[in-house]
Amino acid sequence: MPARAATHNTHRSAVAPQSARERILQTAHDLFYLEGIRATGIDRVIAESGVTKVTLYRHYPSKNELILAFLDYRHERWMAWFDAALRRFGDDAAALPPALAEWFAHPQFRGCAFINAVAELGPTLPQAIERAQAHKRAMQARIAALLPAGAARETRARALAVAVDGAIVRAACDGDAADALDALRCMVAATMAKKPR
């Protein structure tokens, strides 16, 4: 999923301009995802969003609040993309590798924003860890919806969710998603070959 959604809108006059709050959040989203949370200072967010320091702090009284807003926003965007991509590729477990391949191929792919946030922030911002855990639960629930009903559905969904996370990390580390996608395809095939209990 691109850091900034494509905006190939030929009717720009019909699009309402972003509010200061929206501009700050979009700018923080792009910078935090592409360059890192710790590497991005508030002054950079202010400069690139074109607002004053007073305006930023009126909407987001601390950097931590901006980080949490970024994670909430990222969750909504990523889950919307994930759902749509799975539907485009057949809405079953076999849709996982091509959906992720689409994301991995994007030039702004920098791995999972939630894994990155936990790695960067650790226990310094417990609410970020809570948001990452909630995001992973939502991702796993969406994966479970791809699988046949049965007693093993949740176990298989958990295994596939871990495989997806591993593929994301490996694709980000390698800079080439081929091995990550091959491993994920194998995991999907193995999971689907098991007979439901």
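Trainee: In which helix is the place of Phe82?

Mentor: This is a predicted model. In it, the residues of one helix, 63-88, carry the label H4. The place of Phe82 is in helix H4.

Trainee: Is Phe82 buried or exposed?

Mentor: The cut-off for buried is under 20% relative accessible area. Phe82 has 0% relative accessibility, so Phe82 counts as buried.

Trainee: Leaving aside neighbours within four places in sequence, which residues is Phe82 in contact with?

Mentor: Helix H7 has buried residues that pack against helix H4, and Met139, Arg142 and Ile143 are among those buried residues. Once neighbours within four places in sequence are set aside, the contacts of Phe82 are Leu96, Met139, Arg142 and Ile143.

Trainee: Which helices do the buried residues of H7 pack against?

Mentor: The buried residues of H7 include Ala128, Ala132, His135 and Lys136. The helices that the buried set packs against are H4 (63-88), H5 (96-104), H6 (113-121) and H8 (153-174).

Trainee: How far apart are the end C-alpha atoms of helix H7?

Mentor: Helix H7 takes in residues 126-144, which is 19 residues. At 1.5 Å a residue the expected span is 27 Å, and the model agrees, with the end C-alpha atoms apart by 27 Å.

Trainee: What kind of aromatic pair do Trp78 and Trp81 form?

Mentor: The structure holds 9 aromatic pairs. For Trp78 and Trp81, the ring centres are 5.6 Å apart and the planes are at 55 degrees. Planes under 30 degrees apart count as stacked and those over 60 as edge-to-face, so this pair is tilted.

Trainee: How many residues apart are Trp78 and Trp81 in helix H4?

Mentor: An α-helix has 3.6 residues a turn, so residues three or four places apart point the same way. Trp78 is buried at 3% relative accessibility, and Trp81 is buried at 12%. Their separation along H4 is about one turn of the helix, or 3 residues.

Trainee: What is the angle between the ring planes of Trp103 and Phe109?

Mentor: Both Trp103 and Phe109 are buried. Their rings are 4.9 Å centre to centre and the pair is edge-to-face, with an angle between the planes of 85 degrees.

Trainee: Which residues form one aromatic cluster?

Mentor: Phe82 and Trp103 are 21 residues apart in sequence, yet their C-alpha atoms are 9.3 Å apart in space. Both belong to one aromatic cluster, formed by Trp78, Trp81, Phe82, Trp103, Phe104 and Phe109.

Trainee: Which residue lies over the face of Tyr33?

Mentor: A charge counts as over a ring if it is within 6 Å of the ring centre and within 35 degrees of the ring normal. At 4.0 Å from the ring centre of Tyr33, the residue over its face is Arg74.

Trainee: Where is the place of Thr40?

Mentor: Thr40 has 0% relative accessibility, so Thr40 counts as buried. Beyond its neighbours within four places in sequence, its contacts are Leu31, Phe32, Glu35, Val45 and Lys63. Its place is in the loop between helix H1 (20-35) and helix H2 (42-49).

Trainee: What percentage of residues 41-60 is helix?

Mentor: An unreviewed UniProt entry lists residues 41-60 as "DNA-binding region". The end C-alpha atoms of this stretch are 14 Å apart, its strand content is 0%, and its helix content is 75%.

Trainee: How many disulfides does the count come to?

Mentor: Cys173 is exposed, with a relative accessible area of 62%, and Cys186 is exposed at 54%. A disulfide needs two cysteine sulfur atoms within 2.5 Å. By this rule the number of disulfides is 0.

Technical notes
Residues numbered from 1 in each chain as written. Predicted model: local features only at pLDDT ≥ 70, side-chain atom pairs only at ≥ 80, totals over all residues. Heavy atoms only, no water. Helix = DSSP H or I, 4+ residues; strand = E, 2+ residues; numbered from the N terminus. Expected span 1.5 Å × (residues − 1). Buried < 20%, exposed > 50% of the residue type's maximum accessible area, 1.4 Å probe, protein only. Contact = heavy atoms within 4.5 Å. UniProt positions renumbered as here; feature names shortened; annotations may be inferred. Phe/Tyr/Trp six-rings, centres within 6.5 Å; stacked < 30°, edge-to-face > 60°.
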